[in-house]
Amino acid sequence: MSKGIKERKKVGQLLDIEENIQKLWDSQNAFESNADDLNKPKYLVTFPYPYMNGRLHLGHTFTASKCEFAAGYQRLQGRQVLFPFGFHCTGMPIKACADKLKREMEDFGFPPNFPEDVEEEKKVEVSILDEITKDKSKGKKSKLVAKSGNAKYQWQIMQSLGLSDEEIRQFADPNHWLYYFPPHCISDLKKMGIKVDWRRSFITTDVNPYYDSFVRWQFNQLRAAKKIDFGKRYTIYSPKDGQPCMDHDRSSGEGVGPQEYTLIKLRVLDPKPAVLAKINLPIFLVAATLRPETMYGQTNCYLHPDIEYSVFYATENEDQVFVATSRSARIMAYQGLTKENGKIRFIEGLEKVLGSKIIGAALSAPLAKYEKVYALPMLTIKDDKGTGVVTSVPSDSPDDFAALSDLKKKKPLREKYGLTDDMVLPFEPVPIIEIEGLGNLAAVEMCSRLKIESQNEKDKLEEAKKEVYLKGFYDGVMQVGKYSGQKTADVKKVIQEDLIKDGLATKYVEPEKKVVSRSGDECVVALCDQWYLNYGDPSWKEEVKKVLAQTNTFNDETRRAFETTINWLHEHACSRSYGLGTKLPWDPQYLIESLSDSTIYNAYYTIAHLLQQGSLDGSVVGPAGIKAEDLNDAAWSYIFLGTPYNSKNIKISEDKLKSLRKEFLYWYPIDMRASGKDLVQNHLTYLLYNHVAIWPEDETKWPRGIRANGHLLLNNEKMSKSTGNFMTLEDAIETFSADGMRLSLADAGDGLEDANFVFSMADAAILRLFTMIEWIKEMIELRDSNSLRKDSSIFADRVFANEMNALIQATEKHYNETNYKDALKTGFFEYQAIRDSYRELCTGIDVAMSESLVFRFIETQMIILSPICPHITEYIWQLLQKPGLIVNASWPKTEQVDENLTIASKFISDAIVEFRQRLKTYLQPKKKSKETVEIPTEAIIYVAKQYPPWQQTILKILENQAKENNGQLPDNKIISGLIGKEETIKKFMKKAMPFVQMVKENYEQKGISALISTSPIDQTSILNENLDYILNSLDLDRVQIRHTDEENVDVNITETTVPLVPLMQFQPNRVSVNLVARNVDVCNGLFDVVLPIVDGDSVSMVIRKLRRASKAIKPRFEVSLWRYSNSVWGDRQTISVANPLENNVKLSENDTFSLTENGITVQNSSGTHPIGATIVYVAALP
């Protein structure tokens, strides 16, 4: 059977186990939680409800797993845990997709017959200046994974989900999405074994009358608190859809916001270029700049000779003419810069004009030193950013300086575009800003340093721009104008306002990057009349900071991201006119957008089961018996705000509302909200804003914890359907089993950096879990057959118990900190490793493992692993016939960790490794010899009670330095100087600093205990207790233990042996005589074994040799030796089947063998007895 088939067989077995366990949980309603009357501690954990335009993928599952692991762990801590799960349908995407399907059927028939040509998406370039000036709170990449692969049409996207044409047709109705995907998601999540209370699940939008009523109440509260305003705001806008385009409404460009520029108006002077000569109105080339403070240094402006520009009427009165690209003209039309909103009136015949026809135009540049500058060519200008007109400041822009230098140096280039010398040569960079380290001509300086000779040296120019812009943008100091002496960052806004007030500029805003709506429209930035949440309100910001201060963010990086977002955040449009959702209560022509109806819905979870249990859409009245139409604002305020009950304006009885309020008061606030890091910049920050707005005086309702995680990579690559590197939750479970997938998700990572789900790791997880199950079944069989040891007192037992305590405590700490990768490391990988070490130790001394410890290990392993792998652990729990469910078990109680025992354990394990290495070196000497090296059978172990004197001196120096420096050790240079002053150390100087480095590394881990000069444990006692293990591990017969302070110990040994690092020295083998050990039991598979006997061997030594020589003698067998009564003829006599030992005498363990001239003898209390050539052994179960 191939490996792949074997692995699939194991996955199949695990899936069968998981299905049966899920049925067990369902039969007992294991994850349904209600408010506890005994005031049991509670834990509410939530996950941002996923958008219902497709199946859940591993990216969703990764974040959801953080909630899932937390829920499992908190149950073990004795808390009443609630993990609810809703489904988001609000917004434009579902409606847009449904409308696309309609159009595709109209345009291409049913089933559609699409054309084959597919355009490739253009790569968007981002400038250095954009990167420096962009808002740092915004994510670097979209959270939306490409779900469509290479599909161009919505129909093809639906086909990629495995849907037939007949099924796809139904999705032209947006409501069909709401009823198709949520049940599939529930089914997939149940297969994962998620601990969700499904009674509380719901879908959003006005399809659900209960949730719709809740959201309307929320917005009435926000408006009453003056958190919502109406007016014109710059907003990403889709002209095709006729409404703002929020993040969730975009097919590309999520997270992209408006970028404000100053639109500099460079007036065209007479004589005008021929193409503009007939225009009598003032004409302006309009350049968009992020740095209005640099306008003092203009020497020219740039146009691309081959880009087409548009010439159009501007301003409300159409009394000016602008020249810019048609793309930017379209954007300006939505910002009040043309007479009619959204419409451009071009100068007749000048809709498209090549830049080459305007080059050479004389211009008046605002704030410039030069009265007249000229329009010059630049070939690197793009038409997909800004206006296509670039104002030139060569003193502070490396690009501008390089382009101007090219024109000055290359007369043919000037002649090509009809430029005269006086348009170019007189213009020199103007010092306007002083930058520390770069002077007042920063661009000139950087181009000189990097030896930039041409505007075509892109890489060098990028490096120069990064240096100049980064320093100049924030730390430059103005050298000219009325703000001379002030920082550029401080005067930027003021200079912009001055330019606008004087009519020399205006505001211009465009998307930071290209944004495409779900309807396929390239978006603009528009000034829109809209309802907006005033997140920029300073007083609201201060209140939100108070919420954040008491919220656990689980890491400092997340907290900083929140702080940055709060400081940056401004108005957010909360309404739209297209899509699905809840209508604004006071202005029903608008819908509440999807990031605004999803901020306090965690509160709705607490009561959802009482209102609408049994129906996701609220079509069934729940156990509370409350109809949706009876839930008015007064009723919601009673439930969530505790406002007094008034029967005049509340139709519902107070008793019914009390049951809802009881649930809310018990479960709220949120204990942990887990989400992807990209939601910090919007959803998660909005959650803080809305909680403090709804409960301004009640801190007990503010979120206690918000946990952000990175994105999930698959096999070190970004998830993408187009590359095939994509996996749904359903596929992952089918491929790896639920617990195999869950273990790999836990192992993928926890921080804000991107995590990595590795398929090979998931395959290995399957094998590990399957092997664990088989081993546990074997242990149950051994227990039932009384084959395990009943006591638990030997060294290996004590170490095993101690290590279990230590790892259980470490795992508890990791779970508390929601570091699940670390919890898996200590609670599974290392926990299994200590079991393996224990098994090895027991095998090494030929004893069975302790039954009580083996089953403590199994039970505790199941409990501490159960949050991550609940199915397998529940399955084992049932096999062990433990009471109840493991998901309801308690975290294991532990004893205090014995640190000295931990040291002793490491001492033995390290010593064995060192001894084995020494044995290998002994058997393979570097110097070649003709004589064969015999395998040693005897050794001396040297033990140091304390460090040699020279090392003690160093330790004392380090201890003093730690005390003098508040626990910190100085650098090696200082330590070396101190050591050099000590006469007793001078001859050890070569060894001194390596020793110091080792001690410093130990100090980092152990603190001051690393500087103690004596051993904290009795090494000799521990070695003696583990002597059998040492002998068996190294195939030795004898080991002598000596201390380095004894007489006649070699000085090299004394100086090199240190505490906790014993030295083994092998001794030459003694003379031996072979003895045949024979088994006389009938039909037992044990045969003759030849054993070398050395003078002085005890019976126990010979039995050890016998066990080593015959692997057929199992560790659980008891072995005894028997001599023949007649040493000469005994082994030649016929053996009795009935009594095979009738001619033999049993030897005791303390009997001693001797080698004499007449052969081998054995001595005991009764005398000396000849052995002859053969001895009998018995090996059998006790």
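In the UniProt record, an unreviewed entry, residues 1071-1179 carry the feature "domain: Leucine--tRNA ligase ubiquitin-like". In the model examined here, which is predicted, this span is 10% helix and 40% strand, and its end C-alpha atoms are 28 Å apart. The same unreviewed entry type applies to a second UniProt feature, "domain: Aminoacyl-tRNA synthetase class Ia", which is listed for residues 21-101. Over residues 21-101 the chain is 43% helix and 10% strand, with 41 Å between the end C-alpha atoms.

Two cis peptide bonds were identified in loops of the model. The bond from Phe 110 to Pro 111 is cis, with omega near -15 degrees, and Pro 111 belongs to the loop that runs between helix 3 (93-108) and helix 4 (128-133). The bond from Asp 270 to Pro 271 is likewise cis, with omega near -5 degrees; here the proline, Pro 271, is found in the loop between strand 6 (258-268) and strand 7 (283-289).

Helix 18, which spans residues 633-641, has as its buried residues Ala 635, Trp 636, Ser 637, Tyr 638, Ile 639 and Phe 640. The elements that cover these buried residues include helix 8 (209-224), helix 17 (601-612) and helix 19 (654-667). After helix 18 comes Gly 642, a residue with a positive phi near 75 degrees.

Further along the chain, Ala 693 is part of helix 20 (residues 680-694). Ala 693 counts as buried because its relative accessibility, 11%, falls under the 20% cut-off. When neighbours within four places in sequence are left aside, the residues in contact with Ala 693 are Leu 222, Lys 227 and Trp 540. Between the C-alpha atoms of Ala 693 and Gly 386, which are 307 residues apart along the chain, the separation is 38 Å.

The loop between helix 21 (729-736) and helix 22 contains Ser 737, a residue other than glycine whose phi is nevertheless positive, near 75 degrees. With a relative accessible area of 0%, Ser 737 is buried.

The packing of helix 22 (residues 738-748) on helix 23 was examined next. The two helices pack at an angle of about 125 degrees, with their axes 8 Å apart, and helix 22 is therefore oblique to helix 23. The crossing of this pair is right-handed. On the side of helix 22, the contact involves Asp 739, Gly 740, Leu 743, Ser 744 and Asp 747, which meet Met 761, Ala 762, Ala 765 and Leu 769 of helix 23. Sorted by class, the residues in this contact comprise five nonpolar, two polar and two charged.

Helix 23 (residues 759-784) also packs with helix 27 (residues 870-879), the two axes coming within 11 Å and crossing at roughly 10 degrees. Because this angle lies under 35 degrees, helix 23 is roughly parallel to helix 27. Helix 23 contributes Leu 769, Met 772, Ile 773, Ile 776, Lys 777 and Ile 780 to the contact, while helix 27 contributes Ile 872, Tyr 875, Ile 876 and Leu 879. The classes represented in the contact of helix 23 with helix 27 are nine nonpolar residues and one charged residue, with no polar residues. Leu 769 of helix 23 thus appears both in the contact with helix 22 and in the contact with helix 27.

Helix 24 (residues 795-816) includes Thr 811, which has a relative accessibility of 0% and therefore counts as buried. Apart from neighbours within four places in sequence, Thr 811 is in contact with Ala 823, Thr 826, Gly 827, Ile 864 and Trp 891. A second threonine, Thr 818, lies in the loop that connects helix 24 and helix 25 (820-844). The phi of Thr 818 is near 55 degrees, a positive value in a residue other than glycine, and at 4% relative accessibility Thr 818 also counts as buried.

Key:
Residues are numbered from 1 along each chain as its sequence is written. This is a predicted model: local features need pLDDT of at least 70, side-chain atom pairs count only at pLDDT 80 or more; totals for chains, interfaces and linings use all residues. Side-chain values use heavy atoms; hydrogens and water are left out. Axes are lines fitted to C-alpha atoms, for helices over the stretch in contact, and angles run from 0 to 180 degrees between N-to-C directions. Helices (H or I, at least four residues) and strands (E, at least two) are DSSP runs, numbered from the N terminus. Angles under 35 degrees count as roughly parallel, over 145 as roughly antiparallel, 65 to 115 as roughly perpendicular and the rest as oblique. Contact means heavy atoms within 4.5 Å. Ala, Val, Leu, Ile, Met, Phe, Trp, Tyr, Cys and Pro count as nonpolar, Asp, Glu, Lys and Arg as charged, and the others, Gly among them, as polar. A crossing is left-handed if the near helix is turned anticlockwise from the far one by less than a right angle, and right-handed if clockwise. UniProt positions are given in the numbering used here, feature names are shortened, and annotations may be inferred rather than shown by experiment. Buried means under 20% relative accessible area, exposed over 50%, partly exposed in between (1.4 Å probe, protein chains only).
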